[in-house]
Amino acid sequence: MPAEAATPTPPTSPRAALAHALRSRVAGPDANEREDRIWRKPGERWFTREDPIARVNGNGSMYVGGIRALLLQSLHPLAMAGVAGHSGYRDDPWGRLQRTADYVATTTFATIPDAEAMIARVRSIHARISGHLPDGRAYAASDPHLLTWVHCAEIDSFLSAYQVYGTGTLTPAERDTYVEQSAISARLLGVTAPPTTYEGLQQTLSSYGGELEYGEATEDVIDLLIHNPPLPPALAPGYRMLAAGAVAILPGTARRLLGLSTNRLTDALARRPLGHLSTTAVAWALGDARNKLVDDAT
């Protein structure tokens, strides 16, 4: 008779249990294979482990930054139309999170051929996503203007979270380098003129102010991320801290549009003890992504 397959041993320590829960939702069931492909595969990479983009995108604060990015991105109705109509995020929010995390990790840490292949796959998907809002406005996921909004909201969120909750902060020169390094994959994805300095990033974000509004998709995102996140009870308290930390570092204008609290005491707790506790717990569970890189990755 064939030997029975070994039953995976459940994690026993608190750290292992937390890491397993996070990895299963963010990295998916093939987390180990994904890590081999992204971090351990030999080959030339765009960035070293000490580059600003690796320091930011490999830090536990990315979890806070990701929530902030989704909340901010949800305010652009045309950018959200493709997500709401085509990504299935309502039915499979963790699947969308896994795909986003895989894209960011691959374009930051994987070999150049694998990063370019990932970008090409996403471009091919974008090329098939288009439509109209109920009021007749047209949208297309490949529209450089919408791609620019999504890109800028994302990297501003990752950077903001790192500066508040990360293990250290970037200098003004390093912030510029982070924005410039993030532009490499953005150009290949279809962003025609991504900002290359921190000041340029802020100016680009400000230029979208008149296009932002609270819509049905925004309401769905807030419900999913803030009010009713699809989480098991064991993960809910930690996630609530991450979400509070994300809301605390949103721009004031965005928070008002989103209808989220602006209580100073709550913000102070979220930005300091609770925000740091939650991001430290993530880092404790998963470690610094940069440390997974093979020796010849740089």
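Biologist: In which hand does helix 8 cross helix 9?

Modeller: In this predicted model, helix 8 passes helix 9 in a right-handed crossing. Helix 8 covers residues 144-165 and helix 9 residues 172-189.

Biologist: At what angle do helix 8 and helix 9 pack, and how far apart are their axes?

Modeller: One compares the N-to-C directions of the two axes, and angles over 145 degrees count as roughly antiparallel. Here the angle is about 150° and the axes are 11 Å apart, which makes helix 8 roughly antiparallel to helix 9.

Biologist: Which residues make the contact?

Modeller: Helix 8 contributes Leu147, His151, Ile155, Phe158, Leu159 and Gln163. From helix 9 come Arg175, Tyr178, Val179, Ser182, Ala183, Ala186 and Leu189. Nine of the contact residues are nonpolar, three are polar and one is charged.

Biologist: How many aromatic pairs are there?

Modeller: Rings pair if their centres lie within 6.5 Å, and planes from 30 to 60 degrees apart count as tilted. By this rule there are three aromatic pairs. One joins Trp39 and Phe109; their ring centres are 5.8 Å apart and their planes stand at 40°, so the pair is tilted. Since Trp39 belongs to helix 2 (residues 31-40) and Phe109 to helix 6 (residues 93-109), the pair ties together parts 70 residues apart in sequence. Both Trp39 and Phe109 are buried.

Biologist: Where do Trp149 and Tyr208 lie, and are they buried or exposed?

Modeller: Trp149 lies in helix 8, and Tyr208 in the loop between helix 10 (198-206) and helix 11 (216-227), so their pair links parts 59 residues apart in sequence. The ring centres are 5.3 Å apart with planes at 45°, so this pair is tilted. Both Trp149 and Tyr208 are buried.

How values were computed:
Residues numbered from 1 in each chain as written. Predicted model: local features only at pLDDT ≥ 70, side-chain atom pairs only at ≥ 80, totals over all residues. Heavy atoms only, no water. Axes fitted to C-alpha atoms, helices over the stretch in contact; angles between N-to-C directions. Helix = DSSP H or I, 4+ residues; strand = E, 2+ residues; numbered from the N terminus. Parallel < 35°, antiparallel > 145°, perpendicular 65-115°, else oblique. Left-handed = near helix turned anticlockwise from the far one by under 90°. Contact = heavy atoms within 4.5 Å. Nonpolar A, V, L, I, M, F, W, Y, C, P; charged D, E, K, R; others polar. Phe/Tyr/Trp six-rings, centres within 6.5 Å; stacked < 30°, edge-to-face > 60°. Buried < 20%, exposed > 50% of the residue type's maximum accessible area, 1.4 Å probe, protein only.
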